[in-house]
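Good morning, colleagues. Please look at the model on the screen while I discuss one helix and several aromatic contacts.

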There are 2 protein chains.
Amino acid sequence: MMKRKNIEFWFDLGSNYSYLTAMRIDALAAEKSISVTWKPFLLGQIFKRFGWDSSPFVLQKEKGKYTWVDMKRQCAKYDIPWKQPSAFPRAAVYPMRVAAANESESWVGEFCRRMFVANFAEDQDINSNDFVIKTINSMGGDGRTIVDLAQSDEAKAKLRTQTEEAIARGIFGAPTFFASGEMFWGNDRLEDALAELDG
Amino acid sequence: MMKRKNIEFWFDLGSNYSYLTAMRIDALAAEKSISVTWKPFLLGQIFKRFGWDSSPFVLQKEKGKYTWVDMKRQCAKYDIPWKQPSAFPRAAVYPMRVAAANESESWVGEFCRRMFVANFAEDQDINSNDFVIKTINSMGGDGRTIVDLAQSDEAKAKLRTQTEEAIARGIFGAPTFFASGEMFWGNDRLEDALAELDG
């Protein structure tokens, strides 16, 4: 049996450039019959290894200032809603545990997109179990049960392990893609990563 | 008289992503009847202000490793020659003084492209007055005279002043573009910067 072409999308729900990808990847991948695996990891842990206690967009003020101009322009270009978050980077460990624990569920992409939109287009605090429950319920799922499972030791360990895997594979930022074993970094490389699988 | 549309291309001859732009900008700008101003500046001075004593591609080994994979792929995509330099980042203050002192000369783009190609496709040491003289001579210019002028106090000050201007304008990396007063960072934004002028 032929294995279906697959792209791994490594992201943090607090990463603004991951948001651009989250809003684009499913449609672009579907055009080429490529499946998407959503791989959340804790980007802050990667930054800590570099000796950074926050995002480079906070630590380098010139880069940070530019980032918000760039985000506004990129969202306009891709026709994606945008509102600069009043808190950045926003912690998102609770919804990311849900995403990690439900990687193989068909609804995980839609769930992550809703979290990204809440963070980057509605300026909402997404690191709240109540908010996560409400979101899953509105998608027709059982929010309480899913959130309870995501707070189990096993589910917590899944996100930690995935973050360690990200480090081991040389991930240094988000979004990062793996396609045919090749690593691509940045929303600007999404098309290249998909083309790698389309050859 | 209508002012011709112009894009400012801020670069360092030691910057690999500036190389990608240098090989693309003239043709893309010409399609839209946009003129290009080549603005060299010392990127290392910007990095020093962030407390970095080298390029982030050296200081962050994961990012550095990825950068060379990315460069190989980007050069293949754009059909640009590529050979990973044995020295990086390569100092280029001598040829950059020549570029700064001759900003308004019609040959400055071709001169910079030859320096970039020597650095990133031929692995040559470009921070040499002999090499610069030879290159200008091969372009039909008077290499010796131009290099002598570029070593004057005035020409040295021009590159320093331009670097200070880069800092004052919020430049934090290279390449950076200014189009209609808007700043764009990175070779990946070249098309967006040109589109800004084409509106």
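Which residues of H5(B) are buried, that is, under 20% relative accessible area with a 1.4 Å probe and protein chains only? They are B:Glu62, B:Lys63, B:Gly64, B:Tyr66, B:Thr67, B:Trp68, B:Asp70, B:Met71, B:Arg73, B:Gln74 and B:Cys75. This is a predicted model, in which local features need pLDDT of at least 70, side-chain atom pairs count only at pLDDT 80 or more, and totals for chains, interfaces and linings use all residues. Residues are numbered from 1 along each chain as its sequence is written, chains are lettered from A and ligands numbered from 1 in the order written, and side-chain values use heavy atoms, without hydrogens and water.

Helices here are DSSP runs of H or I with at least four residues, and strands are runs of E with at least two, numbered from the N terminus. Among the elements covering the buried residues of H5(B) are helix H3 (43-49) of chain A and helix H1 (16-22) of chain B. After H5(B) comes B:Asp79, with a positive phi near 60°.

I turn to the aromatic rings. Rings of Phe, Tyr and Trp (its six-membered ring) pair if their centres lie within 6.5 Å; planes under 30 degrees apart are stacked, over 60 edge-to-face, and the rest tilted. Over all chains, 38 aromatic pairs are found. The A:Phe11 and A:Trp38 rings are edge-to-face, because their planes stand at 80°, with centres 5.7 Å apart. A:Phe11 is in strand S1 and A:Trp38 in strand S2 of chain A, 27 residues apart.

Methods
Buried means under 20% relative accessible area, exposed over 50%, partly exposed in between (1.4 Å probe, protein chains only). Contact means heavy atoms within 4.5 Å.
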